[in-house]
Amino acid sequence: MFIIAGLGNPDRQYEGTRHNAGFEVIDRIAEKYNISVDTKKHRALIGKGIVAGQKVILAKPQTYMNLSGESIRSLLDYYKVDEEQELLVIYDDISLDVGQLRIREKGSAGGHNGIKNIIVHLGGQVFPRIKVGVGEKPKGYDLADYVLGHFSKAEREAMDEGYDKAVHAAELIVSGQIREAMNEYNRKKKEA
């Protein structure tokens, strides 16, 4: 069984913000595979189903971003899932262009507070992840204001494409093809 956790903030005011990219991807996976992510357990909204032939639990932690690790630790313990092999975390990344993906099997938090908290609660940095680019913070902007802000129309189109790619990458990862996912999506975008 795989746990696919998308990071974000609960509450309507955060819908569609840069920081909720993980929730957006979970919603798209849920829609594609007809999985209802509406059961409240382990401080998350979860849904069980089959993705790419694998049993999965889709999870949207409801602890707010900076405490995501509390919910994920509880899910891992309850379902007896090995985080190094059967956990996939999807989240926003300001160091990537809008809609660009970066897939990793392990790594540091890179300044992302949600990932920092997960690493603390897991006691390690080895777990697969999909980073979804939301664009670099413009000079003079407050980081919190930027990641809690909304996308422009043009950015929204690039994000829609990025979310679809993240769904495909998640399908590859749960079917044991993380290397293929990395090969396909970790390339730099070519300048037009």
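This is a guided tour of a predicted model, moving from strands to cores, then to salt bridges and aromatic rings.

**The strands around β5**

Begin by selecting strand β5, which spans residues 87-93, and colour it by accessibility: seven of its seven residues are buried, so the strand is mostly covered. Next add strand β1, residues 2-6, which runs parallel to β5 and is joined to it by four bridges. Within this pairing, centre the view on I4, which stands opposite L88 in β5. Then add strand β7, residues 129-133, which also pairs with β5 in the parallel sense, here over five bridges. The residue to label in β7 is R129, since V89 stands opposite it.

Keep R129 selected and show F127 beside it, because the pair returns in the part on rings: the charged end of R129 sits over the ring of F127, 4.1 Å from its centre.

**The nonpolar cores**

In soluble globular proteins, nonpolar side chains tend to be buried together. To look at this model with that in mind, select I4 again, together with I29, L58, I103, I130 and V132; these are the residues that touch the most other members of the largest nonpolar core, which has 35 residues. Now display helix α6, residues 153-174, which contributes nine residues to this core, the largest share.

Which residues surround L58, once its neighbours within four places in sequence are left aside? Selecting its contacts brings up I4, I26, I29, A30, I35, V37, L45, I46 and G47. Two of these, I4 and I29, are listed with L58 among the residues touching the most other core members.

A second core, separate from this one, has 22 residues, and it can be located by selecting A59, L76, Y91 and I115, which are included in it.

**Salt bridges between helices α1 and α6**

A search of the whole structure finds 13 salt bridges, and the next stop takes up a group of them. Show the side chains of E24 and R156, which meet in a salt bridge at 3.6 Å, N to O. This pair links distant parts of the chain, with E24 in helix α1 (residues 21-32) and R156 in helix α6, 132 residues apart. With the surface switched on, E24 counts as buried at 17% relative accessibility, whereas R156, at 26%, counts as partly exposed.

Move next to D164 and R28, whose side chains meet in a salt bridge at 2.9 Å, N to O. D164 lies in helix α6 and R28 in helix α1, so this pair ties together parts that are 136 residues apart in sequence. Both ends are partly exposed: D164 has a relative accessible area of 45%, and R28 stands at 22%.

Then select D160, whose side chain meets that of R156 in a salt bridge at 3.6 Å, N to O. Here the two residues both lie in helix α6, four residues apart, which is about one turn of the helix. D160 counts as partly exposed, at 26% relative accessibility. To finish this stop, display E24, R28, R156, D160 and D164 together, since these five residues are linked in a network of salt bridges.

**Aromatic pairs and charges over rings**

The structure holds three aromatic pairs, and two of them are visited here. Select Y78 and Y79, which form an edge-to-face pair with 4.8 Å from centre to centre and 80° between the planes. Are these rings buried or exposed? Y78 is exposed, with a relative accessible area of 51%, while Y79 is buried, with a relative accessible area of 14%.

For the other pair, select Y141 and Y146, which are also edge-to-face, at 6.1 Å centre to centre and 85° between the planes. Y141 is partly exposed, with a relative accessible area of 47%, and Y146 is buried, with a relative accessible area of 4%.

Stay on Y146 and add R18, which lies over the face of that ring at 4.0 Å from its centre. Y146 is therefore a useful place to end, as its ring pairs edge-to-face with Y141, has R18 over its face, and belongs to a residue that counts as buried.

How values were computed
Residues numbered from 1 in each chain as written. Predicted model: local features only at pLDDT ≥ 70, side-chain atom pairs only at ≥ 80, totals over all residues. Heavy atoms only, no water. Phe/Tyr/Trp six-rings, centres within 6.5 Å; stacked < 30°, edge-to-face > 60°. Buried < 20%, exposed > 50% of the residue type's maximum accessible area, 1.4 Å probe, protein only. Lys NZ or Arg CZ within 6 Å of the ring centre and 35° of its normal. Core = buried A, V, L, I, M, F, W, Y, C linked by side-chain atoms within 4.5 Å. Contact = heavy atoms within 4.5 Å. Salt bridge = Lys/Arg side-chain N within 4 Å of Asp/Glu carboxyl O. Pairing = 2+ DSSP bridges.
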